[in-house]
Amino acid sequence: MGDALPDVSWRALAVVLLAAIAISAGLILALRPMLVRYALARPNARSSHKQPTPQGGGIAVVAATLASLWLGVALSGLAGGMQLAALTLAAMLLALIGAVDDVRGLGAAPRLVMQALAVGIVIATLPADFRVVPLLPHALEWALLLLGGVWFVNLVNFMDGIDWMTVAETVPITAGVALLGLTGAVPPSASLVALALLGAIIGFAPFNRPVARLFLGDVGSLPVGLMLGWILMMLASRGHLAAAVLLPLYYLADATITLARRLVRREAVWQAHRTHFYQRATDGGFSVTEIVVRVFVLNLALATLALVSAIEPDLRVDLATLALGGALVAWLLGTFARGKR
């Protein structure tokens, strides 16, 4: 399975988590008056909120994640700084693009090009022997990683449509990866990124609880998607592809099925809409709290299945956990589609 983290790294992880929580919450308190003035999201026909609410909390989340990450690197003397430097640069690029889009709006084509550039920076610094599916030709696999990375960046952005939704998704994924890091199932660098992002999201959560006083904004959802995608790639590269699929399975299913349905209906998929399953649930009578609690509980179950899959590396275990996880996700999607009876 790999080498577990040394004692010094365990202490570094604790420092990273606590620092990320404190930096995220502190920056939000400092920045919120400015965000109220310059980054107010006003409700429209496709919005889930009813009152003007400041967005841009992602500035604090991204800053706290990156600051605490590099603090952890310094404390642990971790190798592999080139990959983390590339991830940092790419996250900052996406945060800049997201900030422009939040304040002034940005066309779909420039957004997509810059997202591909950011993901490409990360892919380009992967080790030459980095493989997720060794049976695939190397060039094809890296092309698929680029495509999948861009999709993951966007799907996190698409799914960040109601209060606490990104919290309900990010906390179980990052906590699950961090726990797996203690067993050596992911590289120590991925554990540091997971703990840093977990802490930053925890610091943001009180301000985003329903009814939210602050939104993440594209400035946060895009880089969060990139960092989540990266830690899942690191998990898959250690032979735990099933676990890497299980952890984000609800987001993958909701966003991908919704996109496919919109493509079939020949809709402009780059435009905002209210047809995700969780959005249809709000129209069907579920409160925001009822939705995110269900998503969070489901994600805890998926994280548990991912842990089982990674700790017991066996094809039969992988298939069983994937089947059970898929059934749970299908049940929740169906529940949201039907609405409250």
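**Exercise 1. Is Glu267 buried, partly exposed or exposed, and at what relative accessibility?**

*Solution.* The model is predicted: local features require pLDDT of at least 70 and side-chain atom pairs pLDDT 80 or more, whereas totals for chains, interfaces and linings use all residues. Residues are numbered from 1 along each chain as its sequence is written, and side-chain values use heavy atoms, with hydrogens and water left out.

Step 1. The classes must be fixed: buried means under 20% relative accessible area, exposed over 50%, and partly exposed in between (1.4 Å probe, protein chains only).

Step 2. Glu267 has 29% relative accessibility and therefore counts as partly exposed.

**Exercise 2. Identify the salt bridges in which Glu267 takes part, and classify the partners.**

*Solution.* Step 1. A salt bridge is a side-chain nitrogen of Lys or Arg within 4 Å of a carboxyl oxygen of Asp or Glu. Side chains of opposite charge can pair when their charged atoms come close.

Step 2. Glu267 pairs with Arg262, with the closest N and O atoms 2.8 Å apart. Glu267 also meets Arg265, at 2.7 Å from N to O.

Step 3. Arg262 is buried, at a relative accessible area of 5%, while Arg265 is partly exposed, at 42%.

Step 4. Arg262, Arg265 and Glu267 are thus linked in a network of salt bridges. The whole structure holds 6 salt bridges.

**Exercise 3. Which residue forms a salt bridge with Lys340, and which parts does the pair tie together?**

*Solution.* Step 1. The partner is Glu290, and the closest N and O atoms are 2.8 Å apart.

Step 2. Glu290 lies in helix α12 and Lys340 in the segment after α13 (315–338), so the pair ties together parts that are 50 residues apart in sequence. Helices (H or I, at least four residues) and strands (E, at least two) are DSSP runs, numbered from the N terminus.

Step 3. Both ends are partly exposed: Glu290 has a relative accessible area of 24% and Lys340 one of 44%.

**Exercise 4. Compare the spans of helices α2 and α5 with their expected values, and describe the burial of α5.**

*Solution.* Step 1. The expected span is 1.5 Å times one less than the number of residues.

Step 2. Helix α2 (residues 58–76) has 19 residues and reaches 27 Å from its first C-alpha to its last, close to the expected 27 Å. Helix α5 (residues 138–159) has 22 residues and reaches 31 Å, close to the expected 32 Å.

Step 3. Buried residues of α5 include Trp142, Leu145, Phe152, Val153 and Val156. An α-helix has 3.6 residues a turn, so residues three or four places apart point the same way. The cover over the buried residues of α5 includes α3 (81–103), α4 (108–124), α6 (165–181), α8 (218–237), α10 (249–264) and α11 (277–283).

Step 4. Gly148, also in α5, is partly exposed at 35%. The C-alpha atoms of Gly148 and Val119 are separated by 9.3 Å, although these residues are 29 apart along the chain.

Step 5. Among the buried residues of α2 are Gly58, Val62, Leu66 and Leu69. Gly77 follows α2 and has a positive phi near 65°.

**Exercise 5. Locate the backbone features at Val211, Trp164 and Arg266.**

*Solution.* Step 1. Most residues other than glycine have a negative phi, and most peptide bonds are trans.

Step 2. The peptide bond from Pro210 to Val211 is cis, with omega near -5°; Val211 is in the loop between α7 (188–208) and α8.

Step 3. Trp164 has a positive phi of about 70°. Trp164 lies in the loop between α5 and α6 and is partly exposed at 29%.

Step 4. Arg266 has a positive phi of about 60°. Arg266 is in the loop between α10 and α11 and is exposed at 79%.

**Exercise 6. How does the radius of gyration of the protein agree with that of a compact globule?**

*Solution.* Step 1. The radius is taken over C-alpha atoms, and the globule rule is 2.2 Å times the number of residues to the power 0.38.

Step 2. For 341 residues the rule gives a radius near 20 Å; the protein has 19 Å, which agrees.

Step 3. The C-alpha trace spans about 50 × 45 × 35 Å along its principal axes, and the secondary structure comes to 13 helices and 2 strands. Of the 341 residues, 51% count as buried.

Key:
Contact means heavy atoms within 4.5 Å.
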